[in-house]
Amino acid sequence: MGRSNVKSKKPNLSNYAIFILTHKRPTQQITIATLKKAGYTGDLYLLCDTDDPTLKEYKKLYGDAVKTFDKSKYVKKFDLMTNDVKFNAVVYARNAVYDV
């Protein structure tokens with residue numbers, strides 16, 4: 001088989017933003033460093049829940065790039081398929097990102 005004649009186009013990143021779902025790691029944002037090293041220059045946001053005890057530090061370090069959501073509102077909207085209500089699941093942030 002020969003090479004494909006299809007030429008790939010570089011994506012237009014001006015219409016995109018990256019959301020990093022994070023909790024209690026304001027000084028350990030490896031994803032941000034990796035994206036910058038790879039040359040990413042688009043919009044970047046950190047999504048934190050309002051109960052995060054390090055939220056003030058996130059806001060101090062990242063300013064307007066920090067977006068928040070109320071986890072308690074998403075607990076009622078999503079079934080983890082367990083008998084317990086668990087708050088330590090990233091699924092709430094994954095669902096909240098669509099509303100941010």
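Trainee: Which residues make up the largest nonpolar core here?

Mentor: Keep in mind that this is a predicted model. The largest nonpolar core has eleven residues in all: Ile20, Ile32, Leu35, Tyr40, Leu44, Leu46, Cys48, Leu55, Tyr58, Ala65 and Val66.

Trainee: And which elements give two or more residues to this core?

Mentor: Helix 1 (30-37), strand 2 and helix 2 do. Strand 2 provides the largest share, three residues.

Trainee: Is there a second core, or should I stop looking?

Mentor: Keep looking. A second, separate core has nine residues, among them Tyr74, Val91, Ala93 and Ala96.

Trainee: Back to Ile20 for a moment. What does Ile20 touch, not counting residues up to four places away in sequence?

Mentor: On the strand 2 side, there's Leu44, Tyr45, Leu46 and Leu47. Ile20 also touches Gln29, Thr31 and Ile32.

Trainee: OK, the sheet. What's the strand order?

Mentor: The order is 1-2-3, in an open sheet of three strands with parallel pairing. Strand 1 (17-21) and strand 3 (66-69) each have a single partner strand, so they stand at the edges with one side lacking a neighbour in the sheet. From one strand to the next, the twist averages 30°.

Trainee: How many bridges join strand 1 to strand 2?

Mentor: Five, and the two strands run parallel. One example is Ala17, whose bridge partner in strand 2 is Asp43.

Trainee: Where does helix 2 lie relative to the strands?

Mentor: Helix 2 (residues 55-62) lies across strand 2 and strand 3, and its angle to strand 3 is about 150°.

Trainee: Switching to Phe19. Buried, partly exposed or exposed?

Mentor: Partly exposed, because its relative accessibility is 30%, and buried would need under 20%. Phe19 sits in strand 1.

Trainee: What is Phe19 in contact with, leaving aside neighbours within four places in sequence?

Mentor: Tyr45, Val97 and Val100. The C-alpha atoms of Phe19 and Tyr45 are separated by 4.8 Å, although the two residues are 26 residues apart along the chain.

Trainee: Last topic, charges. How many salt bridges does the count come to?

Mentor: Just one salt bridge. Asp49 pairs with Lys71, with the closest N and O atoms 3.7 Å apart.

Trainee: What does that pair tie together?

Mentor: Asp49 lies in strand 2 and Lys71 in helix 3 (residues 71-75), so the pair ties together parts that are 22 residues apart in sequence.

Trainee: And are those two buried or exposed?

Mentor: Asp49 and Lys71 are both buried.

Notes. Residues numbered from 1 in each chain as written. Predicted model: local features only at pLDDT ≥ 70, side-chain atom pairs only at ≥ 80, totals over all residues. Heavy atoms only, no water. Pairing = 2+ DSSP bridges. Helix = DSSP H or I, 4+ residues; strand = E, 2+ residues; numbered from the N terminus. Axes fitted to C-alpha atoms, helices over the stretch in contact; angles between N-to-C directions. Contact = heavy atoms within 4.5 Å. Salt bridge = Lys/Arg side-chain N within 4 Å of Asp/Glu carboxyl O. Buried < 20%, exposed > 50% of the residue type's maximum accessible area, 1.4 Å probe, protein only. Core = buried A, V, L, I, M, F, W, Y, C linked by side-chain atoms within 4.5 Å.
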